[in-house]
Amino acid sequence: MLAQRVLYRNYADYLYILNLNTLKSYVFDGIACDLMDYLSNIKNIDVEKIFAYVEENYEVENPAQMREEICEFVNFLQSENILIGGNNYD
């Protein structure tokens, strides 16, 4: 779930995040835009459900690499207090 005082917007193919708690901003591209929409609306972050969502909506050529990238993205968002709920994933 999106933390309080965190805003995000999708513009073209980019995801812009502003954390008003820390006054930090971030820019991502690729499927991050779609993932953020998905992640911001779920209460309990479950990497298996996220991976299933990606597999349903995108053609995944290398599942192991995609899983690693999703885990890194979710861990980063949690470490920066952008997302709350869930554990760190390896």
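At 18% relative accessibility, Glu80 counts as buried, since the cut-off for buried is under 20%. Its salt-bridge partner is Lys24. This is a predicted model. The briefing below covers salt bridges, aromatic rings, the nonpolar core, two helices, the cysteines and one loop residue.

**Salt bridges**

- The structure holds two salt bridges.
- One joins the side chains of Lys24 and Glu80, with N and O 3.4 Å apart.
- This pair links distant parts of the chain. Lys24 sits in strand E3, residues 24-29. Glu80 lies in the segment after helix H3, which covers 63-79. The two are 56 residues apart.
- Lys24 has a relative accessible area of 40%, so Lys24 is partly exposed. Glu80, in contrast, is buried.
- Glu48 and Arg67 form a salt bridge too. Their closest N and O atoms are 2.5 Å apart.
- Here helix H2 supplies Glu48 and helix H3 supplies Arg67. They are 19 residues apart, and again the pair links distant parts of the chain.
- Glu48 is partly exposed, at 42% relative accessible area. Arg67 is partly exposed as well, at 29%.

**Aromatic rings**

- A pair of aromatic rings is described by two things: the distance of the centres and the angle of the planes.
- The count comes to six aromatic pairs.
- Why is the pair Tyr38 and Tyr53 stacked? The ring centres are 4.2 Å apart and the planes are at 15°. Stacked rings need centres within 6.5 Å and planes under 30 degrees apart, so this pair qualifies.
- Tyr38 belongs to helix H1 (residues 32-39), and Tyr53 to helix H2 (residues 47-57). They are 15 residues apart, so the pair links distant parts of the chain.
- Both Tyr38 and Tyr53 are buried.
- Ring pairs also link Tyr26, Phe28, Phe73 and Phe76 into a cluster.

**The nonpolar core**

- The largest nonpolar core has 29 residues.
- Which of them touch the most other members? They are Leu15, Ile17, Met36, Leu39 and Leu77.
- Strands and helices both contribute. Strand E1 (6-11), strand E2 (14-19), E3, H1, H2 and H3 each supply at least two residues of this core.
- Leu39 touches Met1, Ile50, Phe73, Val74, Leu77 and Leu83, leaving aside residues up to four places away in sequence.

**Helix H1**

- Six of the eight residues of H1 are buried, so H1 is largely enclosed by the rest of the structure.
- The buried ones are Ala32, Cys33, Leu35, Met36, Tyr38 and Leu39.
- What do these buried residues pack against? Their neighbours are E1, E2, E3, H2 and H3.

**Helix H3**

- H3 has 17 residues. At 1.5 Å a residue, H3 should span 24 Å. The end C-alpha atoms are 24 Å apart, which agrees.
- The expected span uses one less than the number of residues, because that is how it is defined.
- An α-helix has 3.6 residues a turn, so residues three or four places apart point the same way.
- In H3 the buried residues are Met66, Ile70, Cys71, Phe73, Val74, Asn75, Leu77 and Gln78.
- E2, E3, H1 and H2 are among the elements that cover them.
- Just after H3, Asn81 takes a positive phi of about 55°.

**Cysteines**

- How many disulfides does a search of the whole structure find? The search finds zero.
- Cys33 is in no disulfide. The nearest cysteine sulfur belongs to Cys71 and is 20 Å away. A disulfide needs sulfur atoms within 2.5 Å, so this pair does not count.
- Cys33 is buried, with a relative accessible area of 10%.
- Cys71 is in no disulfide either. At 3% relative accessibility, Cys71 counts as buried.

**Lys43 in a loop**

- Lys43 is found in the loop between H1 and H2.
- Is Lys43 buried or exposed? Lys43 counts as exposed, at 63% relative accessibility.
- Lys43 touches Met1, Ile84 and Gly85, not counting residues up to four places away in sequence.
- Lys43 and Phe73 are 30 residues apart along the chain. Their C-alpha atoms are separated by 17 Å.

Conventions. Residues are numbered from 1 along each chain as its sequence is written. This is a predicted model: local features need pLDDT of at least 70, side-chain atom pairs count only at pLDDT 80 or more; totals for chains, interfaces and linings use all residues. Side-chain values use heavy atoms; hydrogens and water are left out. Rings of Phe, Tyr and Trp (its six-membered ring) pair if their centres lie within 6.5 Å; planes under 30 degrees apart count as stacked, over 60 as edge-to-face and the rest as tilted. Helices (H or I, at least four residues) and strands (E, at least two) are DSSP runs, numbered from the N terminus. Buried means under 20% relative accessible area, exposed over 50%, partly exposed in between (1.4 Å probe, protein chains only). A salt bridge is a side-chain nitrogen of Lys or Arg within 4 Å of a carboxyl oxygen of Asp or Glu. A nonpolar core is a set of buried Ala, Val, Leu, Ile, Met, Phe, Trp, Tyr and Cys residues joined through side-chain atoms within 4.5 Å. Contact means heavy atoms within 4.5 Å.
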